[in-house]
Structure formats: C-alpha cells, structure tokens
Amino acid sequence: MQVYTHPACLAHDTGPEHVERPARLSTVLRALETAHPDIDWQPAPRATRGQLLRVHDEALLATVLETAPHVLISLDPDTILSPGSGEAALRAAGAGVAAVDAVLEGRTQRAFCAVRPPGHHATASAAMGFCLFNNIAVAARHALDKHGLERVVVADFDVHHGNGTQAIFAQEPQLRFASSHQWPLYPGSGAHNQTGIGNIANAPLPEGAGSAAFRAAWQTELLPFLDAFKPQLVLISAGFDGHQRDPLANLQLDTNDYAWITRELVVIANRHCGGRVVSMLEGGYDLTALAECSVAHVDSLRW
C-alpha cells in the first residue's frame, strides 16, 4: 500500500476562513502516520503539461499555472488561487498519475493520494468548487491512454456530485462513473437521468439520508453497475463530507459507512483486476471526521 502526498499541497492558501484549508491535509497525514507507521510514503511528482491536456483546455492550464498571483484571487466565489496554488495543483494531479503507474506496473496493489486541492468539480475548461485540475480524471485518462486499458471505473462517494468528472467522461465508452451524493446540493448536477452514453450512474440522496439509504444505493444500483463492467482498474474519488459532522451538507453517514463502501469497491477490484485500486482525497471539512474516515478508508484499502 502506497500513499502519495507532497508538502506543496499544504502551500495552496485559500485564506483564513475557507473550509478547504491546509489543516485538512495535515490532519489526514498525522492520522495516517499514527494509525499506519508502516505505510509506504511516496512523493507526488508534478503532472506534465501533456498529462493535463488529455482532459483540460490550454486556457485552464494558463489560468492555474501562469497567473502567478502575489495575493489571493478568486476564480469563483469558492475557488481561490494563491502563490502556491499552481505547484499544489500540479502535485495533486501528478499524485494520481504516479499512483496509476505504480499500481499498473505491479509496484503496489493499492494507493491513496492524500493531496489537495481536490479535483472532481473541475471541468475541461473551468476550475470550480475548490478544484483547480480534475485529479481523478487526469489519472483515469492516463490509465486509458498510456497503459492501454479498456475498462476503467470511477466511484465517487463525495457528498457533492462530481460534475467535472461526469462531464469529461460522459461520452467515453471505456470508462464508467458512479456517484452517490446529496441532491439538491452544489453543483446541481447528478440527477438519475444523467446517464451519458450509458456509462454514467447517479444515485442522488435526499437531505438527511443516512447509512441505510447510502448503502442501499450502492448495493442495488451503483456497485452492480461497476461490477458488470469488469474493470481493469478501480479509481475512487474519496470525499468524506457526507459524514454527519460535516458542515457543508446534511447527510448522516458515519465512519463505518466509508469503511464499508471502500471494502465493497476492493471486492470488485479483487474480482476483476487483481485488486488494483487508486483512491484520491476529495472533500471532508470537519477535521475530526476527516481524520477518522481517512484512516478507516486506508484500513479498508489494506483489507
């Protein structure tokens, strides 16, 4: 089991009041170091321009990498660019690429990317929702293009719908995307009828939904959808903001739910692709819940 991270991800400065703050990552790293002193830590490399351009437009790369702000600037009401943001974004996206390489080249069976900024809201052309580059999409495209895979799945259990990932891959027959999320909620996408070319499955959950509804959605809809594809690689957008302690949404999940869904995804990976899983940190804004859920997630990846 490898964990990819980089100090540059702590230098993405979103300002003193922003919920997507450096303390999120430092909390996760401390919790994992304490719980798993034997983890194989790996430095996240920078994503290359070519890797980013597989899923993003030149204009977005220019915005994130060439703006070079001296103070914080807002790309939208939620998404901040700081002097350290470009490097952090390169390392966050590069972590997923390196983890995919390690898993597909047999150097590890599973990997977790403990990085920020998160990624699943970023579209081909726009940073949004705290996200600069779409880290999981960059990783998935790398698996398809460099490694020649034909069947990759992305499971997203963040409380917010991964609109960027869905949009990037909605017409891609070699990838299936499955998401559970609170709805209605930012960013407003993720309805049942958004199915792409039959490669997208969404399970919107109402405000206040808890463990029973979450597990039922995955057991009856999303896990069978992914399992039937017989994936050669399982990717996870691991957001823990559906936890009942989280301030940004109103689902009532607990730490055990995240351990459970991770194990279920590992079962699919074990069945079809030698257990190969790469997970990337997305949301989670209560530090206590984030620490607990990250440890439970990694426990289950090691299961």
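**Figure 1. Ser179 and its neighbours in this predicted model.** Leaving out residues up to four places away in sequence, Ser179 touches Asp156, His161, Gly162, Ala201, Asn202, Ala203 and Leu222. Ser179 itself is part of strand S7. Is this serine buried or exposed? Ser179 is buried, and its relative accessible area comes out at 0%. Look also for His181: its side chain and that of Ser179 are joined by a polar contact of 2.8 Å.

**Figure 2. Two cis peptide bonds in the loop after strand S7.** Here's a bit of background: most peptide bonds are trans. Now look at the bond from Trp183 to Pro184, which is cis, with omega near 0°. Pro184 belongs to the loop that runs between strand S7 (175-182) and strand S8 (200-205). Which residue is joined to Pro187 by a cis peptide bond? That partner is Tyr186, and omega for this bond is about 5°. Pro187 also sits in the loop between S7 and S8.

**Figure 3. The largest pocket and the residues that line it.** Rolling a probe the size of a water molecule over the atoms is how empty space shows up. The largest pocket holds about 180 Å³ of space. Its lining is made of 16 residues, and Gly129, Phe130, His160, Tyr186 and Leu248 are the closest to the centre. You've met Tyr186 already, in the cis bond to Pro187. What kinds of residues make up the lining? Seven of them are nonpolar, five are polar and four are charged.

**Figure 4. Ala68, an alanine with a positive phi.** Most residues other than glycine have a negative phi. Ala68 has a phi near 50°, which is positive even though this residue isn't a glycine. You'll find Ala68 in the loop between helix H3 (58-66) and strand S3 (73-74). Ala68 counts as exposed because its relative accessibility is 52%, and the cut-off for exposed is over 50%. Try locating Gly84 too: Ala68 and Gly84 are 16 residues apart in sequence, and their C-alpha atoms are 8.6 Å apart in space.

**Figure 5. Lys230, a lysine with a positive phi.** Lys230 isn't a glycine, yet its phi is positive, at about 50°. This lysine is in the loop between helix H7 (211-227) and strand S9 (233-238). Is Lys230 buried or exposed? With a relative accessible area of 51%, Lys230 is exposed.

**Figure 6. Cysteines without a disulfide.** A disulfide is a covalent bond between the sulfur atoms of two cysteines. How many disulfides are there when sulfur atoms must lie within 2.5 Å? The count comes to zero. Take Cys131, which is in no disulfide: the nearest cysteine sulfur belongs to Cys9 and is 13 Å away. Cys273 is in no disulfide either, and its nearest cysteine sulfur, that of Cys113, is 16 Å away. Cys131 counts as buried, at 1% relative accessibility. Cys273 counts as buried too, with a value of 6%.

**Figure 7. Ile261 in helix H8.** Helix H8 covers residues 255-272, and Ile261 is found in it. Why does Ile261 count as buried? Its relative accessibility is 0%, and anything under 20% counts as buried. Setting aside neighbours within four places in sequence, Ile261 is in contact with Phe157, Phe214, Trp218 and Leu223. If you pick out Trp303 as well, that residue is 42 places from Ile261 in sequence and 12 Å from it in space, C-alpha to C-alpha.

**Figure 8. Helix H5, a mostly covered helix.** Helix H5 spans residues 135-145, and ten of its eleven residues are buried. Among the buried ones are Asn135, Arg141 and His142, along with Ile136, Val138 and Leu144. The alanines Ala137, Ala139, Ala140 and Ala143 are buried as well.

**Figure 9. Ala122, in the loop leading to H5.** Ala122 lies between strand S5 (110-113) and H5, in a loop. At 0% relative accessibility, Ala122 counts as buried. What does this alanine touch, leaving aside neighbours within four places in sequence? Ala122 is in contact with His56, Met128, Cys131, Leu132, Phe133, Asn134, Gly164 and Ile168. Ala140 of H5 is 18 residues from Ala122 in sequence, with 14 Å between their C-alpha atoms.

Definitions and conventions
Residues numbered from 1 in each chain as written. Predicted model: local features only at pLDDT ≥ 70, side-chain atom pairs only at ≥ 80, totals over all residues. Heavy atoms only, no water. 1 Å grid on protein atoms, 1.4 Å probe; cavity = no way out; pocket = protein on both sides within 12 Å on 5 of 7 lines; lining within 4 Å. Points joined across faces, edges and corners; volume = space filled by probe spheres on them. Nonpolar A, V, L, I, M, F, W, Y, C, P; charged D, E, K, R; others polar. Helix = DSSP H or I, 4+ residues; strand = E, 2+ residues; numbered from the N terminus. Buried < 20%, exposed > 50% of the residue type's maximum accessible area, 1.4 Å probe, protein only. Disulfide = S-S within 2.5 Å. Polar contact = N/O pair within 3.5 Å; in protein donor to acceptor, adjacent residues only side chain to side chain. Contact = heavy atoms within 4.5 Å.
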